[in-house]
Amino acid sequence: MQPPTLIAEIGCNHLGDMEIAKRFIDVAGSFCEIENVKFQKRSNRDLLPPDQYDAPHPVPQNSYGDTYGEHREYLEFDMDQHKELMDYCTDRDMVYATSIWDAMSLRDVVTLGPTYLKIPSATNTNFELLEETCRTFGGKIHVSMGMTTRDEETQIMDLFRDHGRSGDVVLYACTSGYPIQASEACLMEIPRLLEAYGDEVEAIGYSGHHNGIAIDSVAFTLGATYIERHFTLDRTWKGTDHAASLEPDGMRRLQRNLAQAAAALEPKSSEILPIEEAQRVKLKWGAAAAS
């Protein structure tokens with residue numbers, strides 16, 4: 001049994017600072033022993049209508065600008081920076097990926113040729129974006145299913161089938177809250193997605209926004225072979241996602257726990273395991289004498 005692929009979602013927790021972004025990569029790789037990190041790419045002028053772009057941030061204490069648009073631009077890396085981050089990951093035998101929020105960001109990211117990209121829950125019903133992704137991106141397409149009705153889910157999967165790309169899709173069970181309670185994780189979505197699409201998609205994953213690391217191992221045992229968690233270096237930093245993120249020690253322990261869960265799910269290799277032989281002789285009198 002192989003452990004799931006754990007993805008540390010840095011997103012925009014880097015505070016708009018390239019050196020901090022690189023420190024995220026270093027800590028994820030060397031301390032947490034995680035190979036996959038994920039950022040975000042947005043073209044804010046294309047993504048946001050003018051009234052939202054020019055409006056104040058809804059949570060002013062988390063804002064890095066006078067307006068929501070200024071806040072988003074402050075946290076946005078350009079493509080030269082994304083290329084630098086991808087090269088930085090490659091030099092460390094790590095995998096760079098990014099979520100794409102709009103068509104312009106897709107077109108930019110495609111030029112980098114990452115192994116996979118992510119369609120976040122917020123944009124999974126932007127069918128023009130999905131169609132362009134199918135046509136122009138040859139890698140794996142990860143899709144989160146938070147905030148999504150069953151009818152929308154059917155439309156999404158029909159689109160991937162129509163483009164012959166369903167086999168490249170990783171579907172993530174997800175609840176879009178930051179953070180969520182355990183009762184809101186709804187992990188039984190994982191076997192439901194497996195039953196509905198497991199024979200045609202690449203894999204089923206789980207994108208978690210809960211506190212702690214207990215839920216993720218359950219997600220794995222239910223069939224999620226990709227686990228994605230938000231990652232921060234300090235949960236007290238200013239920003240929306242830090243409160244729903246794991247700090248380095250939590251991410252390191254999660255990686256360890258998932259590896260242990262995979263080992264524990266190995267089938268029994270013999271009726272009496274080697275480690276049991278001495279105990280059988282010592283403790284199981286009648287059976288030991290008869291054998």
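User: I'd like to learn to read strands here. How many bridges join S7 to strand S8, and do they run parallel or antiparallel?

Analyst: Good place to start, and keep in mind that this is a predicted model. Four bridges join S7 to S8, which covers residues 226–230, and the two strands run parallel. One pairing you can look up is Gly205 of S7 with Tyr226 of S8. Between these strands the chain passes through helix H10 (residues 214–221), and this β-α-β crossover is right-handed.

User: Which strand pairs with S7 over five bridges?

Analyst: That is S6, residues 169–174, again in the parallel sense. Here Gly205 is the bridge partner of Tyr172. S6, helix H9 (residues 189–197) and S7 form a β-α-β unit, and this unit is right-handed.

User: Where do the side chains of a strand go?

Analyst: The general idea is that side chains in a regular strand alternate between the two faces of the sheet. Now try S7, residues 203–208. Ala203, Gly205 and Ser207 point one way, while Ile204, Tyr206 and Gly208 point the other way.

User: Are the residues of S7 buried or exposed?

Analyst: Six of its six residues are buried, so count residues under 20% relative accessible area and you will find the whole strand among them.

User: How do I read burial for a single residue, say Lys22 or Asn126?

Analyst: Compare its relative accessible area with the cut-offs: under 20% is buried, over 50% is exposed, and in between is partly exposed. Lys22, in helix H1 (residues 18–31), has 13%, so Lys22 is buried. Leaving aside neighbours within four places in sequence, Lys22 is in contact with Glu84, Leu85 and Tyr88. Asn126 sits in the loop between strand S4 (116–119) and helix H7 (127–136). Its value is 32%, so Asn126 is partly exposed.

User: Which residues have the most contacts inside the largest nonpolar core?

Analyst: They are Ile25, Val37, Phe160, Leu171, Tyr206, Phe231 and Met251, in a core of 69 residues. Helix H1 gives the largest share of this core, seven residues. Apart from it lies another core of seven residues, including Tyr116, Val170, Tyr172 and Ala203.

User: Can you show me one core residue up close?

Analyst: Take Leu171. Beyond its neighbours within four places in sequence, Leu171 is in contact with several residues, among them Val143, Met157, Leu193 and Tyr197. Its contacts also include Ala203, Ile204 and Gly205, three residues you have already met in S7.

Methods
Residues numbered from 1 in each chain as written. Predicted model: local features only at pLDDT ≥ 70, side-chain atom pairs only at ≥ 80, totals over all residues. Heavy atoms only, no water. Buried < 20%, exposed > 50% of the residue type's maximum accessible area, 1.4 Å probe, protein only. Pairing = 2+ DSSP bridges. Right-handed = clockwise from strand over helix to strand, strands pointing away. Contact = heavy atoms within 4.5 Å. Core = buried A, V, L, I, M, F, W, Y, C linked by side-chain atoms within 4.5 Å.
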